[in-house]
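Please open the model in your viewer and keep the selection tool at hand. We will go from stop to stop, with a word on what to select at each.

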Amino acid sequence: MEMLIQGISVLPVTQPHHSPYRVPRLINMSTGDGGNQSGREFCRRYSLAEIQWATHNFDDALLIGKGGFGKVYKGFMNYGDTVVAIKRLNTESKQGAQEFWSEIKTLSLLRHPHLVTLIGYSDDCEEMILVYEYMANGTLADHLYKIRGKGNSNTHHLTWKERLQICINAARGLDYLHNTEQGVIHRDVKTTNILLDENWVAKIADFGLSKMGSTQTHVSTDVKGTFGYLDPEYYLTRRLTKKSDVYAFGVVLFEVLCARPPVDMRDDNNEEERSLPLWAQQCMKKGMLDQIIDPYLRGQIPPKCLKLFVKVANKCLHKHPQGRPTMAEVEGRLKHILVSYGNKPKCTKSVSKVVMGWACVPAHGIVLAMMSKNHNISRYGSENEFPRQLRRDPFKVSAARLYRRFKLAKIQAATNNFHENLVIGDVGYTKVYRGLIDRGNTEVAIRRWKEGKSRERNLDQFTAEIQVQSQLRHHHIVPLVGYCDDKNELILVYEYMVNKSLHHHLYGPNRGSLPWEKRLEICIGAARGLQYLHTGTKQTIIHHNLKPTSILLDENWAAKLSSLEFSVVIPTNGSTATCSTFVDGNVGYMDPDYLASSKLTIKTNVHSFGVILLEVLCGRKTTAITRDEAEVNLVHWFKTNVQMGTIDGIIDPVLVDTIAPECLKEYLMISENCLRGEEIERPSMDAVVGSLWCALQVQEAWLNKPHEAIPRSHNQFYDGTHGSVIVDIPGKGGRSGKIFTSLEDSTYLSGNLAR
């Protein structure tokens, strides 16, 4: 909950005699029954009229904060005697009803001096309103960099002692959460969720994303939180633990020391300085910590005190949850630092050498929400690529004129007025229907953006798809037929893909029905589509939503890429872009390089495609939360088995004994190369296409002439030079042998062949 509280002068709202005020009911959150008061803790339920009186009917003069969740007002309850903060959730916010009730349930059960108190709520007239105790000094972020960055002369510069005390307060609140009977994990620890009361006492706020884990070691859940604070282990495995809060708190500690946000979006910033944890750890290794300390603190922190503080923050960011301290341990160490600070003279010399030689643990955290110096990217693509005119009237722009513009009546007729029996897909913000146009002669897929969602976001996606599609003509891209923007509807019409998606055949009712040869052909088709996006158009296009649900199959089982609304177009003179898009359901496919820097390149797609190759081979999803810890993440599981030489154990059981050994070896090699940690080591999609084509030829030869089909062992497959592969292909004149590196060295596997 973000608040801007400084400089507001308002008079209490007096209640007239005809005020609708009444004594609020006490709601028992354990039963949800207002009449039963047997619960231990209660929460008040207000009418909308009471909230309107308290805020002067949501007067903007009382507005003290706003964000994606909605707005926060300063309010006056009990005839003006009690000052409160009233958070009115936006109905289009991602923080919806689930988060609203989660916060009520969590805070109604918890009471602690370092947790913001929830006084009550209102769900009257379909509103979602929360009433909290008023925190006069706003958020910790306000006093570190938010208000100060706006040149506010009234900003209170927090001393080092005050910062330490605030960190101790917050750590104590988190420790309480972790050790309650419910075992609460906050899941959104950040400086904007640490509020300060009139006495500068820190309290943890905003429990909309919290999870109650009881005594379990972890909770398996979808990834939620704020980029810059996300625990990478949670991000990759979806296993949420108390140590995920510890990781985020480590980021907070560095914010307190450096007075800058975890992700710095300033255009004049060097790329390596954008991620606060990574930058801090680099400076620690180099002994240059004095470069990142808040200038206001210079001379205040004794070297020993600084060393201890940085050590605590760094420990919280350990890449393995088991290596991080508990919040009780963090609190204890911070108390020790505060005590030692009180007994030591202030520092008057450089602290550069304080942390020289430390063994820093890399904090490969999730760092997004950045802006490129040269190419500013909006949430749903390149801002410069979507003309404002297209937003107002798509048909007035040449990109839209390439397609048919349907009236809503035509779409309704094609879908029998959007009949539920014709729904063939329902994901995220859109629903897809099977339809018939041209008097029933043409079958199409009709994608309709859902009502009640953000119009601005929907329009971004709608226009992005039209703009990108207008530049594409390729056999392996799903063609756009037309669109409808009639009567405030946002609808796109595509060619109908009879055989659904790759995801459907890997995980649907008939999972396992695709033979290996067909899987290879589908992979080659999808790879060719990506190859075209990367090199076949005037501008390089990065798909940015690549996964099996985005690979559709036509009546001939030809693979075609879809879901281009999140694509990013890289200008002709560039090779990278910076993008803050977080696509739902795309967690397991994201490139670690992108997660660390938000930098998008064509190699970002190559990594995602490597993950898809593993799914095709293993017949399992990127994350399996019900499996043993070592098997949760598909990529990690694959690499572990490669190192152990037990790769046979991860292959989809239906494929056992159906894959030629040489084909498998080539397939594994290209998959592993696509998933290299350094993007420069990953192949181009041109090379991927060639290698997959080679694997298919070997597989078909093995099937057609098994007695001639190279019965070599895996150890014999390599010719002795790194990366070289021997492929024997039977032909009319007998069997011929070819030696390739499987990547870049042969025109036989070049883009000419691939295309």
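Start by selecting every cysteine: a search of the whole structure of this predicted model finds zero disulfides. Center on Cys258 and show its sulfur. Which cysteine sulfur is closest to that of Cys258? The closest one belongs to Cys283, and at 8.2 Å the two are too far apart for a bond, because a disulfide needs sulfur atoms within 2.5 Å. Cys258 itself counts as buried, at 6% relative accessibility. For a contrast in surroundings, jump to Cys125, which is exposed, with a relative accessible area of 59%.

Now return to Cys258 and select helix α6, residues 242–258. Ala259 sits in the loop between α6 and α7. Check its backbone: the phi of Ala259 is positive, near 55°, in a residue other than glycine. Most residues other than glycine have a negative phi. Is Ala259 buried or exposed? With a relative accessible area of 14%, Ala259 is buried.

Follow the chain onward and select helix α7, residues 276–286. This helix is mostly covered, with eight of its eleven residues buried. Color these to see them:

- Leu276, Pro277, Leu278 and Trp279 are among the buried residues of α7.
- Ala280, Gln281, Cys283 and Met284 are also buried there.

Cys283 is thus a familiar face: its sulfur is the one closest to the sulfur of Cys258. Just after the helix, select Gly287, which follows α7 and has a positive phi, near 70°.

The next stop is on the surface. Select Lys307, Lys311, Lys315 and Arg333 together, and you will see them gather in a patch of positive charge. Which helix gives the largest share of this patch? Helix α8, residues 303–316, contributes three residues. Arg333 lies in helix α9, residues 327–342. Look at how Arg333 is placed: it is partly exposed, with a relative accessible area of 35%, so it passes the patch cut-off of over 30%.

For the last stop, move to Trp557, in the loop between strands β23 (551–553) and β24 (559–561). What is the phi of Trp557? It is positive, about 65°, although Trp557 is not a glycine. Show the surface here as well: Trp557 is partly exposed, with a relative accessible area of 27%, whereas Ala259, which also has a positive phi, is buried.

Technical notes. Residues are numbered from 1 along each chain as its sequence is written. This is a predicted model: local features need pLDDT of at least 70, side-chain atom pairs count only at pLDDT 80 or more; totals for chains, interfaces and linings use all residues. Side-chain values use heavy atoms; hydrogens and water are left out. Patches are made of residues with over 30% relative accessible area and no salt bridge: like charges are joined within 9 Å, nonpolar side chains (Val, Leu, Ile, Met, Phe, Trp, Tyr) within 5 Å. Accessible areas come from the Shrake-Rupley method with a 1.4 Å probe; for residues, only the protein chains shown count as cover. A salt bridge is a side-chain nitrogen of Lys or Arg within 4 Å of a carboxyl oxygen of Asp or Glu. Lys and Arg count as positive and Asp and Glu as negative; His and the chain ends are not counted. The place of a charge is taken as NZ of Lys, CZ of Arg, CG of Asp or CD of Glu. Helices (H or I, at least four residues) and strands (E, at least two) are DSSP runs, numbered from the N terminus. Buried means under 20% relative accessible area, exposed over 50%, partly exposed in between (1.4 Å probe, protein chains only).
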